[in-house]
Amino acid sequence: MPHHQESRATTAQQYEVTDPADPSRNSVNTLLGREADTRVLRTTLRSSSAGHAQRLLLTGGGGYGKSSLLRWTIDEAQEAGFNVVHSRGIRREGKMPLAGLHALFVSLAPWADGLPTALAQVVQDVVRGSSSANSALVFASLQQLVSCSAQEQPLLLVVDDAHWLDTETQNGLVYLARRLRVERVALLLAATASGRVMADWPGDILPIGPLDSATSYELLQRLFPDLASRVRTNILRAADGNPLILQELPQALTAAQRAGSRPLPEPLPLNTRCQRALAPELESLDAESRTSLLISAAAPPSSDLRTVLAALRVAGLPTASIAPAERRGMARFDDAGVHFTPPLLRSAIYWQASETRRRQAHAILAQAWLIEHDETVHSQASGSLSNSKHIGDDLEVVGRANLREGRPQTATHVLRKAAELSLSSESRRHRLLSAAGAALESGQPFLAAALAAEADEGALAPLPDRHALTVVGAAVESEPDVVRHFAELRNGLGSDASAPEKANAAFRMALLSSLGGQDGPAAHAADWLMQHNAPVPLQVAIDARRGSLAPTGRIRARLREFDTALTTATLSVRELNWLADAAWHARDLEACSRLIRVALLRSRAEPSIHSLHCEVRRCALLVRQGRWSEFAQDAERILDCAQEDGRLAQAAEVMKWMALVCAWQSRKEDALRLADRLRHWAQACAGGPQADAADYVTVLLAVTAGDATGVDAARRLAALDDPFGYRAVARHACVEIVRLFVRHGRLDEAQEYLSQHGAGRRAESQSSEYDLRFEHAWALLAVAADNQTEAEKRFIAATDAAMDAQWPLDLAFLQLDYGNWLRRQGRLEEARAQLRTALTCFERLEASFWADSARAQLRGSGVSVREEDRADAPDVVRLLSPQELRIAELAAQGLSNRQIAAKLYLSPRTVSSHLYRVFPKLGIASRRELGQVLPPRQDEE
């Protein structure tokens, strides 16, 4: 069966909508993103007008625009002189024989005079609704009517919602389609992808899919230009390219919700039109199945299947009641929970139910949770499902218990529902504030701020201390103001907030030190810790955040005290996050990697605010360890998560590493774009390190371009009051700062910069990475000053420091410069060894400019390209990307795809795809052969 498979246009014409509130907004002249579809429809009209009968079936999900395309075709046909006959299937008439053909017979009845008497009588009977003729006569009458009509002018027959037609009508349309040949007729049907009409259709099929992301964004922007960016992101994600949802969902929100100052409803609200489009088969289910689906839709999205089944038992429903929905493809039930198809079907099912039924569903879920847990918790709530006034109380108990047990996402959902079902304004406010705290803990600062604002609306009393800290914490995670929020957090530490709230406030205070490059917040937090019994992991984390006042040796020694705890469950995810943060600032990358891996594994059941901290830190680790292909796979996803959740400080951190990698790889346009975003963020939020990163990108690009455009940026990085405190980016840039100064003859500036560095150096707090860079920078200056003795001394010192360094890119830069110096000294064999190693690293990292430089230096040392190719002929390891190599090694150890995916934080499908590419590269056909071709791994984790 032929299908039209033309790709969707990303920038087609537009919906002609001037006012989103106008009921006529769905009338279209040309359709955004449907250029390929309208081209097919226009061709269909032209061919039929020329005497080549056309039969076309439009299929697709509800809301995808099939009806809009039919209306567009009708307008086109009428302008082209077609006679248009239009009908549609109506669900309640689906069991009435020939009901769907009635409209067609009524419109075509004037041509019955040209039919044989028997067939003309059948037409009259069908029009009167009294036909007793057999189906064959009815179908033959329809065929003859169509032929007669088409003799006078081209005919377009349009039938919408064909999946609702009665069986006899569907048979009649298939009969007609099979017999159309040279008539000037276009038969155009629209139906969902299910139903008998699809199986028997003899003509072409045009699949109507979702809009692509760019078109979806453009449509939403045109219809609702004033949406807050995070609200727009949520709607785009929920709609998943469905144009009906994009047009209708924003109108179900209040103005405050569209502006982002109030939380979006959960689940997202849908009007009746959207409900019917997404859940057309809901009414066909029996009462038990509909109730089962409603309970599943009312459950928190993070609920597992055990929770849903427990609720069904409380409601007296059998497990089998979910089977009809599964058979229809509406939902899938597995151990992870309930998965609706499409995901927004959950909203349609929930909001289609009455308020009373929704309350009952929440009561059932609350009671199921209480019954499943200990009796002490259960006794705090009401035991009667019929007593609706206690539903909010039950839900509050459930929400608080989930928060205590480390499920903040579930707690947020349940506490919001408890607030909605509250009987007093005071209890509603109290529950909203609790939900705000849970939302912050789950890593959703924008939602936390919106919930707190909703709770505070119209309230006479000020926010309690613990909730005031929630509001400040949300701001620090999203749009920090170092000075203002430092003062607010300092006040919070002196309030009567709970110990966990104060601990979080202390850590955020230390975070402000890093964001603003100021010692004050971290020092104050450290002083507070000395006076209170704060968790030891928090003490270590804040101590490590104190810049030059934090000796790395001391921090690393304290980290080793927790080695044993990693093998047990004694450390929470929050404490693991604190320790990983300390390990990063102490430059103990091995410990940091180990802590992050354990934290992410333990947070899989339900992510929290600490999960994203760990993901972001892992991104930085991947960059530092030279695992850039892995970083590239994860960075966009983590950046999107951070931005969608309102974690802008975390998003800026990921963006910083993305910009630097682009600069090292000489991807100028991408690097500049990201650097501009970093500068914008730094200006808005006083983010010193982000501004430094943008300057570092400018310096790197200037070095590779060979111009002086980055000198001002280099001066800004060099002119720091405390270059060894918090400006880690500036400290890392010291080699390129000196390289740029030297290249443009500014030796005095380079000398002054390095002298200031040396004067401020605190040996006990620095690392081998810093020693490598510092000595390397001095070596470059000595070479420029023609002091070859000093240059060799510094190169050797840098090489010694590199023995313990954990940053392969730094080592490659050193080897490139040292090899170049050795070549100029005539020490060619030593030069070649350095340059070959540097080249290998640059090629693996796809740092093209630096790889070209290494190749040029190798040629200068007397190694031709051909000789170099033979000397470095790729073995099986060099045939693979770092990601492919790691996956192949784990597979060779006997791990399954699922186990590899869990270890590397990938999906099993991604692992399978990598192995599919690895086998032909290595010339093997199975996993069993991997161990025979891969060399032993030298650095097993």
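In the predicted model, helix α26 (residues 520–531) packs against helix α27 (residues 536–544) at an angle of about 150 degrees, and the two axes lie 9 Å apart. Because angles over 145 degrees count as roughly antiparallel, α26 and α27 are assigned to that class. The crossing of α26 past α27 is left-handed. On the side of α26, the contact is formed by A522, A525, A526 and L529, and these residues meet L538, Q539 and I542 of α27.

The protein as a whole comprises 941 residues, of which 54% count as buried. Its secondary structure amounts to 49 helices and seven strands. Among contacts in the protein with a separation of 6 or more, 68% are accounted for by residues 24 or more positions apart.

The largest nonpolar core contains 99 residues, and the members that touch the most other members are F631, W664, V738 and F842. Helix α33 (residues 648–664) gives the most to this core, contributing eleven residues. A further core, of 54 residues, lies apart from the largest one; I235, I295, A297 and I364 are among its members.

V738, one of the residues with the most partners in the largest core, was examined for its contacts beyond the neighbours within four places in sequence. With those neighbours left aside, V738 is in contact with A750, Y753 and L754, and also with A777, L780 and L781. V738 further takes part in the meeting of helices α38 and α40. The axes of α38 (residues 734–743) and α40 come within 8 Å and cross at roughly 10 degrees. This angle makes α38 roughly parallel to α40, since angles under 35 degrees fall in that class. From α38, the residues involved are C734, V735, V738, R739 and V742; they meet R773, F774, H776, A777, L780, L781 and A784 in α40.

Helix α40 itself spans residues 768–784 and has 17 residues. The distance from its first C-alpha to its last is 24 Å, close to the 24 Å expected at 1.5 Å a residue. The helix is mostly covered, with 14 of its 17 residues buried. After α40 comes D786, whose phi is positive, near 60 degrees.

Within α40 is placed E775. This residue has a relative accessibility of 14% and therefore counts as buried, the limit for that class being under 20%. When neighbours within four places in sequence are left aside, the contacts of E775 are with R794, A797 and A798.

A second glutamate, E792, is located in helix α41 (residues 788–802). With a relative accessible area of 25%, E792 is classed as partly exposed, because this value falls between the 20% limit for buried residues and the 50% limit for exposed ones. The C-alpha atom of E792 is separated by 7.2 Å from that of A779, although the two residues are 13 residues apart along the chain. Leaving aside neighbours within four places in sequence, E792 is in contact with W821 and R827.

Conventions
Residues numbered from 1 in each chain as written. Predicted model: local features only at pLDDT ≥ 70, side-chain atom pairs only at ≥ 80, totals over all residues. Heavy atoms only, no water. Helix = DSSP H or I, 4+ residues; strand = E, 2+ residues; numbered from the N terminus. Expected span 1.5 Å × (residues − 1). Buried < 20%, exposed > 50% of the residue type's maximum accessible area, 1.4 Å probe, protein only. Core = buried A, V, L, I, M, F, W, Y, C linked by side-chain atoms within 4.5 Å. Contact = heavy atoms within 4.5 Å. Axes fitted to C-alpha atoms, helices over the stretch in contact; angles between N-to-C directions. Parallel < 35°, antiparallel > 145°, perpendicular 65-115°, else oblique. Left-handed = near helix turned anticlockwise from the far one by under 90°.
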